[in-house]
Amino acid sequence: MIYLLRHGQTELNKQNLMQGQCDHPLNEQGRLQAKNAGKVIRDSGLKFDRVFSSPLRRAVETGEIALCVSGEEFILDDRLMEMSYGPYEETDVKELTLFAMNFLKDPESYPAPEGIEGGLELRARLLEFARENLFAKDEENILVISHQIALRELLCVLMGLSWRDLKGHWLSNCDICEVKGADGKNPVPVRILGRDEKHDTNFSL
């Protein structure tokens, strides 16, 4: 089984600023979210055979708090870093141009503004990561700690879907997404652990 964990809140998240690959730590709320994620993991009785993480501090710190281990036990992989926003990093989301906003809503269909990593480049690095580490690993419980857009693209890769196929679903800070039987070819059951049952809907495709 594959589990995807988005990092906890940072001050840039709180201020609604573009974060990308700039390296900010969790804030107090983010650390609390990571503790709560750890409780969900323990209450679910989950044990992970391998933990992969983006090397950015907010991802590693989230894993350390949630799992109560040192980040030295994680397999750090640059391919799990967030999309690079280039000159837009630390920019207020409200200041983005319509061109940039359209791209971020569907980076597979729109060209990237100058300086931003393209959607096809993002998908290529996550597909490479998944082929090496996630496909045909049903006998293992694997946790991947990463970022909002990177995880959304990774979910598309695991399910063999396009960005638009996934519709409006996004992972909030410290959401834990369970993916069953991913092979990169067919939609598979997906759910968010720890949500109230009334709101814990499987991703509707």
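**Core, salt bridges and surface of the predicted model**

The largest nonpolar core has 40 residues, and those with the most contacts inside it are L4, L134, V144, L154, L158 and V179. At least two residues of this core are supplied by each of strand 1 (2-6), helix 4 (98-105), helix 5 (119-133), strand 4 (142-146), helix 6 (148-159), strand 5 (176-179) and strand 6 (190-193). Helix 6 gives the largest share of the core, with nine residues. The structure described here is a predicted model, and the values given below are to be read with this in mind.

A buried residue is also found in strand 2, where F52 is placed. F52 counts as buried because its relative accessibility is 2%, and the limit for a buried residue is under 20% relative accessible area. Although F52 and H147 are 95 residues apart along the chain, their C-alpha atoms are separated by 12 Å.

Turning to charged side chains, the structure holds 12 salt bridges, and several of them can be described in detail. Within helix 2, D43 forms a salt bridge with K39, and the closest N and O atoms of this pair are 2.7 Å apart. Because D43 and K39 are four residues apart in helix 2, about one helical turn separates them. The two partners fall into separate classes of accessibility, since D43 counts as exposed at 57% relative accessibility, whereas K39, with a relative accessible area of 46%, is partly exposed.

Other salt bridges join parts of the chain that lie further along the sequence. R50 forms a salt bridge with E140, in which the closest N and O atoms are 3.2 Å apart. As R50 lies in strand 2 and E140 in the loop between helix 5 and strand 4, the pair ties together parts that are 90 residues apart in sequence. R50 is partly exposed, with a relative accessible area of 21%, while E140 counts as buried at 16% relative accessibility. These two values fall on either side of the 20% limit, under which a residue counts as buried.

A further salt bridge is formed where the side chains of E108 and R123 meet, at 2.7 Å from N to O. Here E108 lies in the loop between helix 4 and helix 5 and R123 lies in helix 5, so the pair ties together parts that are 15 residues apart in sequence. E108 counts as partly exposed at 21% relative accessibility, and R123 also counts as partly exposed, at 21%. In addition to such pairs, a network of salt bridges links D77, R79, E128 and E132.

On the surface, D49, D138, E139 and D183 gather in a patch of negative charge. Of these residues, D49 lies in the loop between helix 2 (28-43) and strand 2 (50-53).

Finally, the backbone shows positive phi values in residues other than glycine, among them N16 and C68. N16, which is not a glycine, has a positive phi of about 60 degrees, and its place is in the loop between helix 1 (11-14) and helix 2. With a relative accessible area of 43%, N16 is partly exposed. For C68, phi is near 55 degrees, and this residue is placed in the loop between helix 3 (57-67) and strand 3 (75-76). C68 counts as exposed because its relative accessibility is 61%, the limit for an exposed residue being over 50%.

How values were computed
Residues numbered from 1 in each chain as written. Predicted model: local features only at pLDDT ≥ 70, side-chain atom pairs only at ≥ 80, totals over all residues. Heavy atoms only, no water. Patch = residues over 30% accessible without salt bridge, like charges linked within 9 Å, V, L, I, M, F, W, Y side chains within 5 Å. Areas by Shrake-Rupley, 256 points an atom, 1.4 Å probe, with all protein chains shown as cover. Salt bridge = Lys/Arg side-chain N within 4 Å of Asp/Glu carboxyl O. Lys, Arg positive; Asp, Glu negative; His and termini not counted. Charge placed at Lys NZ, Arg CZ, Asp CG, Glu CD. Core = buried A, V, L, I, M, F, W, Y, C linked by side-chain atoms within 4.5 Å. Buried < 20%, exposed > 50% of the residue type's maximum accessible area, 1.4 Å probe, protein only.
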